[in-house]
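The following exercises concern the fold of a single chain. Please examine the sequence and the structure before reading each solution.

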Amino acid sequence: MYSYEHEAYMQGYELVAGMDEVGRGPLAGPVLACCLILRKGVLPLGIDDSKKLSPKKREQLAVVVRDNAISLGIGLCDNYEVDRLGILAATHTAMARAVSQMSIRPDIVLIDGYPVTGEAFNSLNLEQRAIVKGDQKSVTIAAASIVAKVTRDRLMCEFAKVYPAYGFEAHKGYGTPRHIEAVRAYGACDIHRLSFLKNI
């Protein structure tokens, strides 16, 4: 999982960041992105695509990743911005905000999926390299995916205390049968994406 980073180093890039997002599909909550730079040559044991890891393992690895990151930024767009911008533009805006929160500017960003577009990201004038299934191929992207997932899951658990009827602590805002039943019974709450609820 280190070949893309090694290739970037061989091309003369020193500060190679990885970025991933979480929360594009849920009915509620923010879309959130993490961008980070690992210490050069670091390959933390157990790093993998966050979706393949148990919640406990993700929590453990998130600590390891943070300990081995020389710079890390988190960016998000809340449900109101998702409704206003659309999910793709909101995702790219969250990614731009993640980069803007980093204390050290990367030379290049490895991104899971497809290139990031939009005024917010373009204004950073930052080189990017999109890698399809990057969270399975790049240790830096995988590390970012773990921190993003853990951060958003914790946030949704906090929302669960404010809106206990919806069970956010269990499904994290995704459209599970339990969640859909709660929406039908109680209507939308303040963190629901109204544009995602049109067919419910």
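**Exercise 1: A pair of strands**

Task: Determine which residue stands opposite aspartate 112.

Solution: In this predicted model, the residue opposite aspartate 112 is isoleucine 131, located in β5. The next step is to identify the strands concerned. Strand β4 comprises residues 108–112 and pairs with β5 in the parallel sense, over 5 bridges.

**Exercise 2: The sheet and its helices**

Task: Establish the order of the strands in the sheet, and state which strands stand at the edges.

Solution: The sheet is open and has 5 strands, in the order β3-β2-β1-β4-β5, with mixed pairing. At the edges stand β3 (69–77) and β5 (127–131); each has a single partner strand, so one side of each lacks a neighbour in the sheet. On average, neighbouring strands are turned by 20 degrees against each other, direction ignored.

The packing of helices follows. Helix α4 (residues 87–100) packs on the sheet and touches β1 (16–22), β2 (31–38), β3 and β4. The direction of α4 makes about 145 degrees with that of β3. Helix α6 (residues 139–162) also packs on the sheet, touching β1, β2, β3, β4 and β5; its direction makes about 40 degrees with that of β1.

**Exercise 3: The whole chain**

Task: State how many helices and strands the chain has, and judge how compact the chain is.

Solution: The chain contains 8 helices and 5 strands. Its radius of gyration is 17 Å, close to the 16 Å that the globule rule gives for 200 residues, so the chain is as compact as a globular protein of that length. Of the 200 residues, 50% count as buried.

Methods: Residues numbered from 1 in each chain as written. Predicted model: local features only at pLDDT ≥ 70, side-chain atom pairs only at ≥ 80, totals over all residues. Heavy atoms only, no water. Pairing = 2+ DSSP bridges. Helix = DSSP H or I, 4+ residues; strand = E, 2+ residues; numbered from the N terminus. Axes fitted to C-alpha atoms, helices over the stretch in contact; angles between N-to-C directions. Contact = heavy atoms within 4.5 Å. Rg over C-alpha atoms; globule rule 2.2 N^0.38 Å. Buried < 20%, exposed > 50% of the residue type's maximum accessible area, 1.4 Å probe, protein only.
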